[in-house]
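Reader: Hello! I would like a close look at one part of this model, the nonpolar core, and at how the chain is arranged around it. Could you walk me through it in one go?

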Amino acid sequence: MKKLTAIALSFAFLAGPGFAQVKIDDPWVRATVPQQKVTGAFMRITSARDARVVSASSPVAGKVEIHEMAMQNDVMKMRPVAAVELPAGTAVELKPGAHHIMLFDLQRPMVEGETVPVVLVVEGKDGKRESVEVSAPVRPLNTVHGVDHGH
Ligand SMILES: [Cu+2]
């Protein structure tokens, strides 16, 4: 897992001009209780150019999806989306109750204090893709009030 992180990191550093130039602020992953196989990852993303997050992955999760929250029959539900748009120079907030990254099939509990690598794939208007490595600290459950995960 260490090796994978290093490779992803060097990838991000090698991305020179012509790439989307994406800045990530305040990333975090919600802590889980034992047996819980799903959690959310949140952060603020600012791209220097128009771009979109088209996928994400993490070595701790078997599957990762990008979700949005939407009203369905007066109930907030989350559902997978193909991408999160990043308008140039605008901070886009991935947070509980809005767009977020969903980590499925967790291989172990997410414990407060540890750091989880998450890799975002960001696509520019020119179709070029950049991998952005994020180290997201795990924060406690009670950061968020109850949300219907629908999973
Ligand atoms: Cu979700």
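Author: Happily; what follows starts with the chain as a whole, moves into the core, and ends in the loops.

Please keep in mind that this is a predicted model. The protein chain comes to one helix and 10 strands, and along the sequence the helix is followed by the strands in the pattern α-β-β-β-β-β-β-β-β-β-β. Of its 151 residues, 30% count as buried. If you take the contacts with a separation of 6 or more, 73% of them are accounted for by residues 24 or more positions apart.

Now to the core itself. The largest nonpolar core has 30 residues, and those with the most contacts inside it are Ala41, Val53, Val118, Leu120 and Ala136. At least two residues of this core come from each of E1, E2, strand E3 (51–57), E4, strand E6 (84–86), strand E8 (100–106), E9 and E10. E9 gives the largest share, five residues. As general background, nonpolar side chains tend to be buried together in soluble globular proteins.

Two of these core residues are worth a visit. Let us begin with Val53, which is found in strand E3. Val53 has 25 other C-beta atoms within 10 Å, so this residue is buried. Leaving aside residues up to four places away in sequence, Val53 touches Ile45, Ile66, Ala83, Val84, Leu86, Leu120 and Val122. Leu120, one of those partners, is also among the residues with the most contacts inside the core. There is a longer sequence link as well: Val53 and Ser131 are 78 residues apart along the chain, and their C-alpha atoms are separated by 9.7 Å.

Strand E3 also holds Ala51. This residue counts as buried because there are 27 C-beta neighbours inside 10 Å. Between the C-alpha atoms of Ala51 and Gln21 the separation is 9.5 Å, with their positions 30 residues apart along the chain.

The second core residue to visit is Ala136. With residues up to four places away in sequence not counted, Ala136 touches Pro27, Trp28, Val29, Ala41, Met43, Thr115, Val116 and Val118. Two of these partners, Ala41 and Val118, belong with Ala136 to the group with the most contacts inside the core.

The strand pairing gives you the backbone side of this picture. Strand E9 (residues 115–124) pairs with E10 in the antiparallel sense over nine bridges. One of the matched pairs is Val118 with Val134, its bridge partner in E10. The hairpin of E9 and E10 has four residues between the strands, and there Gly127 takes a positive phi near 85 degrees. On top of that, E10 (residues 129–139) is joined by two bridges to strand E1 (residues 22–30), and those two strands run parallel. Arg30 stands opposite Arg139 in E10. E10 thus has an antiparallel pairing with E9 and a parallel one with E1.

A second hairpin is formed by E4 and E5, which pair in the antiparallel sense over six bridges. Within that pairing, Glu68 stands opposite Arg79 in E5. This hairpin has two residues between the strands. Asn73 lies in the loop between strand E4 (61–72) and strand E5 (75–80), and its phi is near 50 degrees, a positive value in a residue other than glycine. Asn73 has 5 other C-beta atoms within 10 Å and is therefore exposed.

Finally, the loop between E1 and E2 offers two residues with unlike surroundings. Gln35 is found in the loop between E1 and strand E2 (39–47), and it is another residue other than glycine with a positive phi, here near 80 degrees. Gln35 is exposed, with 7 other C-beta atoms within 10 Å. Val38 lies in that loop too, but Val38 has 15 other C-beta atoms within 10 Å and is partly exposed. Although Val38 and Met102 are 64 residues apart in sequence, they are 7.1 Å apart in space, C-alpha to C-alpha.

Notes: Residues are numbered from 1 along each chain as its sequence is written. This is a predicted model: local features need pLDDT of at least 70, side-chain atom pairs count only at pLDDT 80 or more; totals for chains, interfaces and linings use all residues. Two strands pair if DSSP finds at least two bridges between them. A residue is buried if 20 or more other C-beta atoms lie within 10 Å of its own, exposed if 12 or fewer, and partly exposed in between; C-beta atoms are placed from the backbone. A nonpolar core is a set of buried Ala, Val, Leu, Ile, Met, Phe, Trp, Tyr and Cys residues joined through C-beta atoms within 7 Å. Two residues are in contact if their C-beta atoms, placed from the backbone, lie within 7 Å.
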